[in-house]
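Here are my notes for you to read with the model open on your screen. Take them one at a time and find each residue as you go.

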Amino acid sequence: MEKTALESNAAAMVAPSKGILAADESSGTIKKRFDKIRLESTFESRRAYRELLFTAPGAEKHISGVILYDETIRQKASDGRPFPELLAARGILPGIKVDAGAKALAGFPGETITEGLDGLRERLAEYRGMGARFAKWRAVIDIGGGIPTGFAIEANAHALARYSALCQEASIVPIVEPEVLMDGDHTIERCEEVTDAALTAVFDALFLHRVHLEGIVLKPNMVIAGKKCAVQAAPQQVADATLRCLRRRVPAAVPGIAFLSGGQSEADATLHLSLMNRGGKLPWQLSFSYGRALQQSTLDAWRGEASNVTAAQKTFLRRARLNGLARSGAYEAAMEQAAA
Ligand code: 5MM
């Protein structure tokens, strides 16, 4: 394991003013996103959309890395350049989602275990050869009546740790993503309790599996009330609860934390990040690895029309720039109103 390369790539992923674009929607998920703009999901429409994102002029100022999907890492831009090569030439690190998705956990109704460990060593070697410098694995923890169980939390933490060790063996930085879902009607206090338990289990497992913490990036949810909860927490409350939870559970050796957006609006995800970055001295970089919160307005601006590509790229750049400002706490909600 090349510890220095892992550390420098992890540091680059969470470099100041920048964050990660999660463009690793599997075919099923991107179809759902395209359905909303009434666009058929085909090999070519998915390729065209990813090209729009990856060629947006100036994106490298605020995008440090892009998480790709297996299909996407093999696709090419219109000029024939493979996407990983195009991104690397712009100074953007190519990454790859390597989990095979969250599947029903036998014996534990309503809970899932993320699969994909079989053959992972070989797949990582192939992706490394294609230019991937980091990977992503997402564990899904749902909150509901009687769930999550301690067993499901432990099983997912174990899988995250095995994945992380294999990544580092291949000189690939693992993004460790234990996502506590914000679906449901739970309170922010319940989210904090479950996020705390999930992070505790994850770092215990990473330690046992001898994962080099300086060479990972953590991708957690923010501590936030469930979407259907009658009482929604104020932005500052979300920022305070999230920071309290992370300070208790994430070792200072971890170089950076890149949040997922989890279904928050674009503006909420940016505001929460900005407020946290105003919270005083932190032991880690606090960044973003947003999927929906970087892409929603871009998809709406594009709608699958070639004539909308330039406008959609501007929309994407604006979102990337606002999140770049949130990295130092400089983003203000009023900036949403300002012209693009
Ligand atoms: C981009 O969506 C990712 C892949 O989802 P599927 O495997 O379900 O297709 C997802 O893991 C994403 O990287 C994270 O959840 C962050 O995205 P959001 O939209 O939550 O910021």
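The points below go through the cores, one helix, the pockets, the cavities and two single residues.

1. Before anything else, keep in mind that this is a predicted model. Residue numbers start from 1 along the chain.

2. Let's begin with the inside. In soluble globular proteins, nonpolar side chains tend to be buried together. Here the largest nonpolar core has 95 residues, and F54, I63 and L286 are the ones that touch the most other members. Which helix gives the most to this core? That is α8, residues 188–208, with ten residues.

3. Have a closer look at L286. Leaving out residues up to four places away in sequence, L286 touches L243, L246, I257, F259, L273, M276, N277 and R327. There is also a second, separate core of 13 residues, and L6, I20, I67 and V173 are among them.

4. Next, try helix α6, which covers residues 120–129. Its buried residues are L120, L124 and Y127. Why do they sit on the same side of α6? Because they cover an arc of only 65° around the axis. An α-helix has 3.6 residues a turn, so residues three or four places apart point the same way. Turn to the other side of α6 and you'll find E122, A125 and G129, which are exposed.

5. What do the buried residues of α6 pack against? Their partners are α4 (70–73), β3 (93–97), β6 and α7 (150–169). After α6 comes G131, and its phi is positive, near 110°.

6. Now for the pockets. The largest pocket has a volume of about 760 Å³, and 30 residues line it. Of these, T29, R33, R138, E179 and R292 lie nearest its centre. The elements that give two or more residues to this lining are α2 (27–36), β6 (134–141), β7 (173–180) and β10 (285–290). How does the lining divide by class? There are eight nonpolar, eight polar and 14 charged residues.

7. The second largest pocket holds about 180 Å³ of space. Its lining is E25, R33, K36, I37, G291, R292, Q295, Q296, L299 and D300. Did you spot R33 and R292 again? They line this pocket and also lie among the residues nearest the centre of the largest one. Both α2 and α11 (292–302) supply at least two residues here, and α11 has the largest share, with five. By class, you get two nonpolar, three polar and five charged residues.

8. On to the enclosed spaces. Rolling a probe the size of a water molecule over the atoms shows where empty space is left. How many cavities of 30 Å³ or more are there? The count comes to two.

9. The largest cavity has a volume of about 50 Å³. Its lining is made up of E179, V180, L181, M182, N221, M222, I224, L260, S261, G262 and Q264. Those residues divide into six nonpolar, four polar and one charged. E179 is worth clicking on: this residue is part of that lining and is also one of the residues nearest the centre of the largest pocket.

10. The second largest cavity holds about 40 Å³ of space. A139, I141, I153, N156, A157, L160, P178, A198, A201 and V202 form its lining. β6, α7 and α8 each give at least two of these residues, with the largest share, four residues, coming from α7. Nine of the lining residues are nonpolar and one is polar, while none is charged.

11. G215 is a nice one to find by eye. Look in the loop between α8 and β8 (217–218). Is G215 buried or exposed? G215 is buried, with a relative accessible area of 0%. Not counting neighbours within four places in sequence, G215 is in contact with L6, A10, Q168, V173 and P174. As for T315, that residue is 100 residues from G215 in sequence and 32 Å from G215 in space, C-alpha to C-alpha.

12. Last, find N9 in helix α1, residues 3–13. N9 has a relative accessible area of 16%, and since buried means under 20%, N9 is buried. Again leaving aside neighbours within four places in sequence, the contacts of N9 are L93, R133 and V173. Notice V173 here: this residue touches N9, touches G215 and belongs to the second core.

Notes. Predicted model: local features only at pLDDT ≥ 70, side-chain atom pairs only at ≥ 80, totals over all residues. Heavy atoms only, no water. Core = buried A, V, L, I, M, F, W, Y, C linked by side-chain atoms within 4.5 Å. Buried < 20%, exposed > 50% of the residue type's maximum accessible area, 1.4 Å probe, protein only. Contact = heavy atoms within 4.5 Å. 1 Å grid on protein atoms, 1.4 Å probe; cavity = no way out; pocket = protein on both sides within 12 Å on 5 of 7 lines; lining within 4 Å. Points joined across faces, edges and corners; volume = space filled by probe spheres on them. Nonpolar A, V, L, I, M, F, W, Y, C, P; charged D, E, K, R; others polar. Arc of directions from axis to C-beta.
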